[in-house]
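Hi,

Here is the structure I promised to pass on. Have a look at it first, and my notes follow underneath.

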Amino acid sequence: MNVDAYLRRIGLGARPPATLAGLTTIHRAHALAIPYENIDVQLGSPVTTDIAPIYEKIVTRGRGGWCYEMNGILGWALGELGFKVTRATGSVMREAAGDANNGNHLVLRVDLPQGLHLADVGFGDGPRDPIKVAPGAFHSAGFDFSLRRVDEGWWRLINDPRGGAPSFDFNLDPADESLLARQCHHLQTALVSPFVQNLVAQRHVPAGLEILRGRTIRSIGADGIRDRVIDSEDDLLRTLKDVFALDVPDVATLWPKIVARHEEVTARKAEASPA
């Protein structure tokens, strides 16, 4: 594995210094270059928390990944570049489900002279910049977030209202790697997992965010929100390639499942709406 190849993958031609400015440069470049996606989960291809296969997938083959892969490769690269980085435990929607969700998200603690920072390119629609671990509201690339302490061990990031999951908690102690591996397996195999149920791709773009969920692609920017329904498997493949830089022809085999899921969700929403 070669950290310079990773830097080229995210569009950087030189090694940034192990400083806050260097971290910000890498974080932004990664967010803009590499899409968040769960295509392997949808295709039934095993996903791991091990760095070697993640590197091969994201750097060598030019794919994206979900949190264990996105933050996994970023954490490895930061370590190679001299940053003091620690893999830490995230917990998406812990505020609703409690500790059962611990480890369903991987985050990175980065110790800098300016204080502790959270690096997270694996939340999909999260901040484009590293986050100073301090309570309060903050702004990142046109989106609004806030951070607050939950208790002695946990912090909570509140997502922009236009995003997906409303929040995730994180603990800055070193992660239990066995817990991360178990949650990684659960999220790609359990029928109740949203990653098993839905094709997802998300990408930061200069003007905002592009989010694909099933048949619906949402563009979020300063001028508002636009939704479009994908109308065919060819349209899906073209959208993945043109918008998310993902050229994966096998996704065409998922089209019947995606259509069925879209119809199921649409019918459920219609039933729940007042007459």
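Among contacts between residues at least 6 apart in sequence, 55% join residues at least 24 apart. Keep in mind that this is a predicted model.

On the overall build, the protein has 10 helices and 13 strands. Its radius of gyration comes out at 18 Å, close to the 19 Å that the globule rule gives for 275 residues, so the protein is as compact as a globular protein of that length. If you want the extents, the C-alpha trace covers about 55 × 40 × 40 Å along its principal axes. Of the 275 residues, 53% count as buried. The exposed surface adds up to about 12300 Å², and carbon and sulfur atoms supply 54% of that. As for charge, I get 30 positive and 34 negative ones, and the mean positions of the two sets are 2 Å apart.

Next, the cysteines. How many disulfides are there? The count comes to zero. C67 is in no disulfide, and the nearest cysteine sulfur, that of C184, is 7.7 Å away. A pair would need its sulfur atoms within 2.5 Å to count, so the sulfur of C184, at 7.7 Å from that of C67, is too far for a bond. Both residues are worth a look anyway: C67 counts as buried at 5% relative accessibility, and C184 is buried too, with a relative accessible area of 2%.

Then there is helix α4, which runs over residues 51–60. Which of its residues are buried? They are I51, I54, Y55, K57, I58 and V59, so you will find a lysine on that list. An α-helix has 3.6 residues a turn, so residues three or four places apart point the same way. What covers the buried residues of α4 includes helices α1 (3–9), α3 (39–43) and α5 (67–80), along with strands β1 (36–37) and β2 (84–92). After α4 comes G62, which has a positive phi, near 70°.

Another residue to click on is F145, in strand β7 (residues 143–149). Is F145 buried or exposed? F145 counts as buried, because its relative accessibility is 4% and the cut-off for buried is under 20%. Leaving out residues up to four places away in sequence, F145 touches D125, G126, P127, A137, F138, S140, L157, I158, N159 and D160. To get a sense of distance across the model, try F145 and K257: they are 112 residues apart in sequence and 34 Å apart in space, C-alpha to C-alpha.

Finally, two alanines with backbone angles you may want to check. A141 has a positive phi, near 55°, in a residue other than glycine. Where is A141? It sits in the loop between β6 (136–140) and β7, and A141 is partly exposed, with a relative accessible area of 37%. A245 also has a positive phi, of about 55°, although it is not a glycine. The place of A245 is the loop between α9 (233–244) and α10 (255–272), and A245 is partly exposed, with a relative accessible area of 40%.

That is what I have for now. Shout if you want to go through any of it together.

Cheers

Key:
Residues are numbered from 1 along each chain as its sequence is written. This is a predicted model: local features need pLDDT of at least 70, side-chain atom pairs count only at pLDDT 80 or more; totals for chains, interfaces and linings use all residues. Side-chain values use heavy atoms; hydrogens and water are left out. Helices (H or I, at least four residues) and strands (E, at least two) are DSSP runs, numbered from the N terminus. The radius of gyration is taken over C-alpha atoms; the globule rule is 2.2 Å times the number of residues to the power 0.38. Buried means under 20% relative accessible area, exposed over 50%, partly exposed in between (1.4 Å probe, protein chains only). Contact means heavy atoms within 4.5 Å. Accessible areas come from the Shrake-Rupley method with a 1.4 Å probe; for residues, only the protein chains shown count as cover. Lys and Arg count as positive and Asp and Glu as negative; His and the chain ends are not counted. The place of a charge is taken as NZ of Lys, CZ of Arg, CG of Asp or CD of Glu.
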